[in-house]
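This briefing walks through a single protein model, topic by topic. Please look over the sequence and the structure before reading on.

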Amino acid sequence: MPAGHRSRQRQGGATDVTGITLCSATSAGHHMTRSLLVTGAAHRHVRVDESTMTRADMNDQQRPTRARVGVVGLGAMGLGMARSLRSAGYDVGVHDLRPEVPAGFARDGGTAFASPAELAAEVDVLIGVVVNAAQVESVLFGDGGAAERLRPGSVYVMCSTVDPDWSAGLEGRLGELGVLYVDAPISGGAVRAAAGELTMMTSGRAAAYAVADPVLEAMSATVYRLGDHAGLGSKVKIVNQLLAGVHIAAAAEAMALGIKAGVPAEALYEVITHSAGNSWMFENRMAHVLAGDYTPLSAVDIFVKDLGLVLDSARPQKFPLPLSATAHQMFLQASASGLGGEDDSAVIKIFPGIDLPQPVNQPRPTGQPKKED
């Protein structure tokens, strides 16, 4: 096992566990149980009951659980997260570049703000759910940016997929302003975001968690604490995106081959999803292909960016990533063909000579399917 992930015995037989801390939402209202991942020959979870809790744990339970929360970026994920926080009882302020989106959210409860700065001045925890590091920079340090208006002791929760070293640097920059930071990339999709069932890959200082914990828990099924400084959450997300991108590319290639060979797409999907070759990405994304629906829940250009980050992160170590490189080229080809704004399953459209399923009630063209704008 890697250093820092071993359990060791204290005097008296008590176990001092170091490793990955998980917080899992287990019931209505997102009541949490704290668990420690114990590493060794057999992995197991140790429940911490009140009789073993430290004074710090007791104080943690007594903290106010209704921090004022803001969400910047109301795309498919951010809007769902804002809604799940509202469902959990939080008063949620929101901002997005498209004013009609926060206005719609406010009509159902919550408050719309005209800029990140105005929102930042009113909240204890500000959650950024934007696409990339450049957009995070704009939210925090651009015109009407939030950084100068966040109060000392407040927390910025960064949910974007970014370079881990950049995220670590952002922790220091915000720290100079007295603002705490949680590196908190997310996974789970729009449906789980709206249900408060995300997976969050987080790292940060104890003081940041002390403020942000209840908010993180309200948005997620599982919060992984991966370390006491920023960057580790982003490193795990990079690995996750490697797998996600490669799996989507492989799923598209497999479906394209089957269609080219004359296998009905619906039959192929049915067999594969009940066979050993199935993956979550095949089952999820190839359903979009069967429906002929390339509405972007996660766009092709997202994986142009994310697989680019994967490759960039490995290059200084001269670490080879042949599958990632091939998948990245597939998404680049799709984007160059005008498909960058479509759902990432549209990477299947790069394969020649296949007749893809069309939306219901839409005439099925012969030959190569038309590329959508």
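Helix H3 (residues 100-107) has Val101, Pro102, Gly104 and Phe105 as its buried residues. Seen down the axis of H3, these buried residues fall within an arc of 155°, so they line one face of the helix. The model is a predicted one. The points below start with H3 and go on to the nonpolar cores, the ring pairs, the charges over rings and one loop residue.

**Helix H3 and its surroundings**

- An α-helix has 3.6 residues a turn, so residues three or four places apart point the same way.
- The exposed residues Glu100 and Arg107 are carried on the face of H3 that is turned away from its buried side.
- On the buried side, the residues of H3 pack against helix H2 (76-87), strand E7 (92-95) and strand E8 (111-112).
- Gly109, just after H3, takes a positive phi of about 120°.

**Nonpolar cores**

- The largest nonpolar core has 40 residues, of which Met255, Met286, Phe331, Val347, Ile348 and Phe351 touch the most other members.
- Two or more residues of this core come from each of helix H9 (232-260), H10, H11, H12 and H13.
- The element that gives the most to this core is H9, with 10 residues.
- Leaving aside neighbours within four places in sequence, Ile348 is in contact with Ala252, Met255, Ala256, Met286, Val289, Tyr294, Ile354 and Leu356.
- Another core lies apart from this one; it has 35 residues, among them Leu85, Val101, Ala184 and Ala212.
- Val101 is thus named twice: as one of the buried residues of H3, and as a member of the core of 35 residues.

**Aromatic pairs**

- The structure holds three aromatic pairs, and two of them are described here.
- One is the stacked pair of Tyr269 and Phe282, at 6.0 Å centre to centre with 20° between the planes.
- This pair links distant parts of the chain, with Tyr269 in helix H10 (residues 265-272) and Phe282 in helix H11 (residues 280-291), 13 residues apart.
- Tyr269 has a relative accessible area of 16% and is therefore buried.
- Phe282, at 4% relative accessibility, also counts as buried.
- Phe303 and Phe331 have ring centres 5.4 Å apart and planes at 25°, so this pair is stacked.
- Here too the pair links distant parts of the chain: Phe303 lies in helix H12 and Phe331 in helix H13, 28 residues apart.
- Phe303 counts as buried because its relative accessibility is 2%.
- Phe331 is buried as well, with a relative accessible area of 0%, and is one of the residues that touch the most other members of the largest nonpolar core.

**Charges over rings**

- Arg225 has its charged end over the ring of Tyr209, 4.2 Å from the ring's centre.
- Lys349 lies over the face of Tyr294, 4.0 Å from the ring centre.
- Tyr294 is also one of the residues in contact with Ile348.

**A loop residue with a positive phi**

- Lys318 is found in the loop between helix H12 (300-314) and helix H13 (322-339).
- Although Lys318 is not a glycine, it has a positive phi of about 55°.
- Is Lys318 buried or exposed? Its relative accessibility is 79%, so Lys318 counts as exposed.

Notes. Residues numbered from 1 in each chain as written. Predicted model: local features only at pLDDT ≥ 70, side-chain atom pairs only at ≥ 80, totals over all residues. Heavy atoms only, no water. Helix = DSSP H or I, 4+ residues; strand = E, 2+ residues; numbered from the N terminus. Buried < 20%, exposed > 50% of the residue type's maximum accessible area, 1.4 Å probe, protein only. Arc of directions from axis to C-beta. Contact = heavy atoms within 4.5 Å. Phe/Tyr/Trp six-rings, centres within 6.5 Å; stacked < 30°, edge-to-face > 60°. Lys NZ or Arg CZ within 6 Å of the ring centre and 35° of its normal. Core = buried A, V, L, I, M, F, W, Y, C linked by side-chain atoms within 4.5 Å.
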